[in-house]
Amino acid sequence: MAILVTGGSGFIGSHTCVQLLDAGREIVVVDNYCNSDPEALARVRELTGKDFKQYDADVRDREALRRIFTENHIEAVIHFAGLKAVGESVQMPIEYFDNNLISTLVLLEVMKEFGCKRLVFSSSATVYGAGNQPPLTEEMPLGAPTNPYGRTKSMIEDILRDLCVADAEFSAVLLRYFNPIGAHPSGRIGENPNGIPNNLMPYVTQVAIGRLPKLSVFGDDYNTPDGTCLRDYIHVVDLARGHLCAVDYAMEHTGAEAINLGTGEGYSVLDLVHTFARVTGVDVPYVIAPRRDGDLPAVYSCPDKAKELLGWETEFGLEEMCRDSWNWQKNNPTGYNK
Ligand code: NAD
Ligand code: UFG
């Protein structure tokens with residue numbers, strides 16, 4: 001009995017594979033490496049001392065998925081595979097709808113064919129939209145996402161809720177991630193963005209290592225304590241552990257359940273920059289720049305439901321997140337490119 005991890009070579013997927021293997025679970029990974037490097041999976045093996053089956057395939061490839069389900073006894077799926085860059089999704093909407101929606105539909109059809117009814121899905125805080133006041137709770141009405149990437153997450157949540165109505169035996173856990181940062185404390189796996197990073201922490205670490213000259217802080221005139229936006233940063237190892245709890249939950253329950261994975265704390269851009277400099281001893285030059293389109297002033301979770309249903313709580317704070325992001329960047333200045 002194995003857990004299929006789609007997108008297992010990616011940032012969150014690779015950390016989750018480590019947690020699953022460390023917990024003694026059998027895993028099977030499928031990835032097409034469109035946004036990752038297979039070296040990540042080699043390092044998952046190195047870190048855990050455990051082996052697993054790895055399929056180099058696109059989740060939209062129905063025959064490849066059938067082969068995986070034929071060759072393995074898959075009891076549950078964690079579905080990370082998808083494209084995730086907000087700005088790119090505005091430029092390339094067709095590719096985003098194609099990749100994120102079709103991969104999910106093909107996966108669900110093949111799961112149905114093989115009688116597999118347990119799914120953990122990577123959703124996002126973006127589904128709350130702009131109209132809700134933080135802390136965000138799962139029962140709040142979902143907002144209208146402002147970009148194609150966000151729409152794929154909302155649409156997939158809807159598909160999974162509909163599926164759970166149609167099939168009373170199906171279990172779908174919709175994990176709404178807040179802002180995952182950090183890396184495995186070993187510094188062997190971490191976030192490996194292509195090109196210039198869009199997200200704050202990889203941008204900060206690339207400034208710190210000297211690959212980029214300075215950070216632009218997008219706006220200091222928001223209605224927040226220091227004028228910069230608040231986000232709920234969560235250590236990727238805590239997030240990965242949440243998936244282990246979610247798989248166990250999916251094994252024992254049916255229906256669709258949305259669950260936030262965040263710390264419940266909102267930190268500002270400048271909190272993160274100053275904490276990073278303090279913890280690492282490396283200065284991060286920055287300038288205040290205009291606001292970035294689409295950014296909300298404050299996005300942070302209420303994490304109570306995850307604690308209640310999954311028995312899960314975060315263990316790491318912002319200092320550990322900064323320490324481990326830097327440890328990864330310092331030890332892998334150009335990511336997995338050796
Ligand atoms: P990532 O890009 O590092 O990982 C995604 C993995 O999926 C990559 O290895 C990529 O090669 C693979 N992949 C993409 N499309 C595929 C396909 N059609 N077939 C096979 N493999 C495919 O991203 P991540 O940060 O690890 O995110 C994982 C999931 O979590 C994504 O669905 C993402 O949208 C979601 N999410 C991420 C964040 C974040 O800030 N990182 C926040 C909210 C939600
Ligand atoms: N920021 C900067 N400078 C940068 C990059 C980011 O000041 O160079 C600021 C942003 O303006 C924002 C904060 O840092 O205030 C965090 O930005 P990120 O891009 O790291 O994260 P977001 O909260 O914008 O986006 C994240 C995920 C998306 C998801 C979104 C909504 O990356 O996938 O949360 O929940 F859709």
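This dialogue reads helix packing, a small set of paired strands and a buried helix face in a predicted model.

Student: At what angle do helix α1 and helix α8 pack, and how far apart are their axes?

Tutor: An angle from 35 up to 65 degrees falls between roughly parallel and roughly perpendicular and counts as oblique. Here α1 (residues 11-22) and α8 (residues 236-252) pack at about 60°, with their axes 8 Å apart, and therefore α1 is oblique to α8. The crossing of α1 past α8 is right-handed.

Student: Which residues in α1 and α8 meet?

Tutor: From α1 come Phe11, Ile12, His15, Thr16, Gln19 and Leu20, and they meet Val236, Val237, Leu239, Ala240, Arg241, His243 and Leu244 in α8. By class, the residues of this contact between α1 and α8 divide into 8 nonpolar, 4 polar and 1 charged.

Student: In what order do the strands of the open sheet run, and which stand at the edges?

Tutor: The order of the 3 strands is β12-β9-β14, with mixed pairing. Strands β12 (267-268) and β14 (298-299) each have a single partner strand, so one side of each is left without a neighbour in the sheet. Between β9 (residues 230-231) and β12 the pairing is antiparallel over 2 bridges, and leucine 230 stands opposite serine 268 in β12.

Student: Which residues of helix α2 are buried, and against what do they pack?

Tutor: A residue counts as buried under 20% relative accessible area. In α2 (residues 39-48) the buried residues are Glu39, Ala40, Leu41, Arg43, Val44 and Thr48, and they pack against α1, β2 (27-31), β3 (53-56) and α11 (318-331). Just after α2, glycine 49 takes a positive phi of about 65°.

Notes. Residues are numbered from 1 along each chain as its sequence is written. Chains are lettered from A and ligands numbered from 1 in the order in which they are written. This is a predicted model: local features need pLDDT of at least 70, side-chain atom pairs count only at pLDDT 80 or more; totals for chains, interfaces and linings use all residues. Side-chain values use heavy atoms; hydrogens and water are left out. Axes are lines fitted to C-alpha atoms, for helices over the stretch in contact, and angles run from 0 to 180 degrees between N-to-C directions. Helices (H or I, at least four residues) and strands (E, at least two) are DSSP runs, numbered from the N terminus. Angles under 35 degrees count as roughly parallel, over 145 as roughly antiparallel, 65 to 115 as roughly perpendicular and the rest as oblique. A crossing is left-handed if the near helix is turned anticlockwise from the far one by less than a right angle, and right-handed if clockwise. Contact means heavy atoms within 4.5 Å. Ala, Val, Leu, Ile, Met, Phe, Trp, Tyr, Cys and Pro count as nonpolar, Asp, Glu, Lys and Arg as charged, and the others, Gly among them, as polar. Two strands pair if DSSP finds at least two bridges between them. Buried means under 20% relative accessible area, exposed over 50%, partly exposed in between (1.4 Å probe, protein chains only).
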